[in-house]
Amino acid sequence: MHFRYTQWSDRFNRGQQSPFDTLFNLFQELLSISGGDVSQALRWMNQIDEEYKVTDQFDENYGLGDFIQELQERGYIKHDQDQQRMVPTSKTGKSIRRKALEEIFSQLKKGSVGGHKTVHTGKGLERQPETRSWKHGDDTAHIDSTGTLMNALKHTSLDQFNLREDDIEVYNTDHHTSTATVLLIDLSHSMILYGEDRITPAKKVAMALSEMISGSYEKDSLDIVAFGNRAWKIEMKELPYLKVGPYHTNTLQALEMARHILQRKKFANKQIFMITDGKPSCMIENGKFYKNSFGLDRKIVNKVLDEAVKCKRDQINITTFMIARDPYLQNFVRELTKANKGRAYYSSLDELGGYIFEDYIRNRRKNVR
């Protein structure tokens with residue numbers, strides 16, 4: 001047996017990943033943080049390379065210039081004639097969303113991913129091990145032949161076999177149903193205050209959720225609404241490049257917009273997921289902004305609670321994911337949850353994806369109509 005000893009290199013930890021793939025992972029992270037600014041992301045990469053000598057770990061013949069050229073050749077960036085600068089392509093946005101999905105799912109426990117189960121059993125799609133007596137209208141494909149035969153043999157014989165209706169056993173099945181979801185993302189200034197980047201994890205969760213629904217739950221719908229001083233609907237392709245602005249938090253308009261979107265959906269189940277770290281601090285009154293950043297303004301809060309009640313009347317559940325630990329903010333979320341009879345999670349940034357995905361996938365308490 002022979003051994004060959006060489007100097008250790010971090011690249012051995014990367015599973016023989018190519019220089020491009022490793023740099024591309026870094027580029028995607030920086031591109032998302034920069035809000036889609038390719039030039040800024042590349043400048044950051046150059047600064048990182050100067051400080052940590054990233055490319056020296058691969059091959060002396062592969063540098064950042066080679067990486068940029070390969071980005072263009074592979075169709076991840078292109079030159080925009082109107083803006084006179086490099087911009088990301090739709091292929092890049094798809095790749096960032098897919099990366100976010102893989103990253104979040106790698107942190108979750110393995111579980112079945114299918115339709116959304118309900119508490120109802122009977123005529124459904126997924127067979128369960130339990131059986132029951134046959135009823136008129138049950139699908140014959142779900143008959144338990146062994147159980148049915150054993151029931152018949154209790155009162156008959158093979159020579160004079162007689163099958164009665166009450167002998168027939170069928171497997172229970174779970175209902176799968178479709179769901180319409182509106183995801184609300186807080187882009188107020190507090191999402192990057194106090195030295196903590198809260199918007200990047202929130203964007204990653206939104207990107208992963210949109211990628212999962214479009215790939216695994218094609219009958220479901222997902223609409224995304226960003227909110228600051230105002231609320232506005234965004235497309236899936238805009239998600240990787242969202243940026244926080246100098247905004248207050250107009251939770252009221254965000255919930256109103258979500259409710260109006262869901263009112264137009266012909267789905268049995270409708271829900272709102274709201275990711276926020278702050279209190280509602282503004283609203284529009286008589287065409288003008290009413291703002292108050294100092295504590296919880298009851299005038300604003302009461303309007304938000306009224307909207308939560310309206311959502312409840314329309315059978316729209318609100319699930320709030322609060323990524324802040326302030327007690328007075330948690331009290332507001334409790335009021336909101338009580339008014340809507342919804343749910344609330346007080347999660348850290350690294351737990352956010354797990355909470356949202358488990359809540360979405362394992363939703364068992366919806367009704368089939």
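A nonpolar patch here joins side chains of Val, Leu, Ile, Met, Phe, Trp or Tyr that lie within 5 Å, each from a residue with over 30% relative accessible area and no salt bridge. The model discussed is predicted.

**Surface patches**

Leu149, Met150, Leu153, Leu158, Phe161 and Leu163 make a nonpolar patch of about 590 Å² on the surface. One of these residues, leucine 153, belongs to helix α5, which spans residues 145-153. Leucine 153 has a relative accessible area of 32% and is therefore partly exposed, because that class lies between the limits of 20% for buried and 50% for exposed.

A patch of positive charge is also found on the surface, where Lys303, Lys310, Lys312, Arg313, Lys338 and Lys341 gather. Helix α8 (residues 298-313) supplies the largest share of this positive patch, with 4 residues. Lysine 341, another member of the patch, sits in the loop between α9 (327-340) and β12 (343-346). Its relative accessible area is 57%, so lysine 341 counts as exposed.

**Cysteines**

The search for disulfides covered the whole structure and found 0. A disulfide is a covalent bond that links the sulfur atoms of two cysteines. Cysteine 282 has a relative accessible area of 0% and is therefore buried. Cysteine 311 is likewise buried, at 0% relative accessibility.

**Accessibility of single residues**

| Residue | Relative accessible area | Class |
|---|---|---|
| Lysine 341 | 57% | exposed |
| Leucine 153 | 32% | partly exposed |
| Cysteine 282 | 0% | buried |
| Cysteine 311 | 0% | buried |

Methods: Residues are numbered from 1 along each chain as its sequence is written. This is a predicted model: local features need pLDDT of at least 70, side-chain atom pairs count only at pLDDT 80 or more; totals for chains, interfaces and linings use all residues. Side-chain values use heavy atoms; hydrogens and water are left out. Patches are made of residues with over 30% relative accessible area and no salt bridge: like charges are joined within 9 Å, nonpolar side chains (Val, Leu, Ile, Met, Phe, Trp, Tyr) within 5 Å. Accessible areas come from the Shrake-Rupley method with a 1.4 Å probe; for residues, only the protein chains shown count as cover. A salt bridge is a side-chain nitrogen of Lys or Arg within 4 Å of a carboxyl oxygen of Asp or Glu. Lys and Arg count as positive and Asp and Glu as negative; His and the chain ends are not counted. The place of a charge is taken as NZ of Lys, CZ of Arg, CG of Asp or CD of Glu. Helices (H or I, at least four residues) and strands (E, at least two) are DSSP runs, numbered from the N terminus. Buried means under 20% relative accessible area, exposed over 50%, partly exposed in between (1.4 Å probe, protein chains only). A disulfide is a pair of cysteine sulfur atoms within 2.5 Å.
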